[in-house]
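Visitor: I should like to go through this model one question at a time. Please show it first.

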Amino acid sequence: MRDPRDDAELLALVRRYVTPERRYLKLGGSLLRMQSPEYDRFMRDLREDAGLITADEIATLLEGSWRERRTAAWLVAVSRRTEFRERLGELLLASEVCCVGLGYSVALASFGTARDADLLAAYLDRYLRRPDLAYDQTVVMGALQFIDLDLGGGQADHFREPGGLWQQWLQDAPHMQDNSGPTPSFLSLIRRLCAFVEECAEAL
């Protein structure tokens with residue numbers, strides 16, 4: 001993992017794409033609470049940067065910490081750079097850093113192919129077996145459901161069948177004890193964020 005404090009190349013990219021107006025903090029559910037004119041300006045700037053950033057620069061950001069990776073995932077989604085699909089899937093599965101799983105999930109959900117569903121399903125197959133880990137299980141399930149609704153693949157149903165991994169995880173994960181049905185809200189979140197990506201990408 002590269003640290004911008006010790007890496008001039010990465011630091012320049014952070015200053016260019018990650019930290020202006022604390023972008024990295026707004027890439028997620030908080031952008032849905034923005035109002036015009038802030039929302040319009042945020043979308044315009046993200047769209048412009050998604051069109052300007054190079055593949056090499058994205059790859060460099062994906063070697064950084066959570067702030068860099070979160071920003072890179074959103075730039076990948078908006079610019080529809082599906083060549084990063086496998087890399088995002090690898091990073092999601094590895095779960096090396098916090099606060100970025102939603103970005104990976106939105107990017108894969110926005111691509112929306114059977115391969116993206118496979119990558120999300122691989123994550124769930126691993127981490128639904130770990131109720132001790134409060135990672136990104138809920139948003140990944142929302143992203144998988146989002147793709148399933150479009151493709152009709154039914155991969156989410158495989159996990160959600162009675163007595164399946166999803167139900168077991170909900171029952172066993174300590175942090176989920178007071179929330180027996182989180183999926184609809186996370187499906188809604190993914191749907192709204194993908195709509196933002198779609199609107200942002202249309203003008204590229």
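**Interior space, helices and aromatic contacts**

Visitor: By class, how many nonpolar, polar and charged residues does the lining of the largest cavity have?
Guide: The classes are nonpolar (Ala, Val, Leu, Ile, Met, Phe, Trp, Tyr, Cys and Pro), charged (Asp, Glu, Lys and Arg) and polar (the others, Gly among them). Sorted in this way, the lining of the largest cavity has 5 nonpolar, 2 polar and 3 charged residues.

Visitor: What kind of model is this?
Guide: Residues are numbered from 1 along each chain as its sequence is written, and side-chain values use heavy atoms, with hydrogens and water left out. Local features need pLDDT of at least 70 and side-chain atom pairs count only at pLDDT 80 or more, whereas totals for chains, interfaces and linings use all residues, since the model is predicted.

Visitor: How much space lies in the largest cavity?
Guide: A cavity is a set of points on a 1 Å grid over the protein atoms alone where a 1.4 Å probe fits but cannot get out; its volume is the space filled by probe spheres set on the points. The structure holds 1 cavity of 30 Å³ or more. The space in the largest cavity comes to about 40 Å³.

Visitor: Which elements give two or more residues to the lining of the largest cavity?
Guide: Lining residues have an atom within 4 Å of a point, and here they are R69, L91, L92, S95, E96, V97, V100, G101, Y104 and D136. Helices are DSSP runs (H or I, at least four residues), numbered from the N terminus. The elements that give two or more residues to this lining are α6 (85-94) and α7 (101-111).

Visitor: How many of the 14 residues of α5 are buried?
Guide: Helix α5 covers residues 66-79 and reaches 20 Å from its first C-alpha to its last, close to the 20 Å expected at 1.5 Å a residue (1.5 Å times one less than the number of residues). Just after α5, R80 takes a positive phi of about 55°. Counting residues under 20% relative accessible area as buried (1.4 Å probe, protein chains only), α5 is largely enclosed by the rest of the structure, because the buried residues number 13 of the 14.

Visitor: Is E202 buried or exposed?
Guide: E202 is found in helix α12 (residues 183-202). Its C-alpha atom and that of R81, 121 residues apart along the chain, are separated by 14 Å. With a relative accessible area of 57%, against a threshold of over 50%, E202 is exposed.

Visitor: What is the relative accessible area of G153?
Guide: G153 has its place in the loop between α9 (137-151) and α10 (155-160). The residue is exposed, and its relative accessible area is 54%.

Visitor: How many residues apart in sequence are the parts that the pair of W74 and F196 ties together?
Guide: Rings of Phe, Tyr and Trp (its six-membered ring) pair if their centres lie within 6.5 Å, with planes under 30 degrees apart counted as stacked, over 60 as edge-to-face and the rest as tilted; the structure holds 7 aromatic pairs. W74 and F196 form an edge-to-face pair, 6.2 Å centre to centre with 70° between the planes. W74 and F196 are both buried. Since W74 lies in helix α5 and F196 in helix α12, the pair ties together parts whose separation in sequence is 122 residues.

Visitor: Which residues form one aromatic cluster with W74 and F196?
Guide: W74 and F196 belong to one aromatic cluster. The residues that join them are Y39 and F42.

How values were computed:
1 Å grid on protein atoms, 1.4 Å probe; cavity = no way out; pocket = protein on both sides within 12 Å on 5 of 7 lines; lining within 4 Å.
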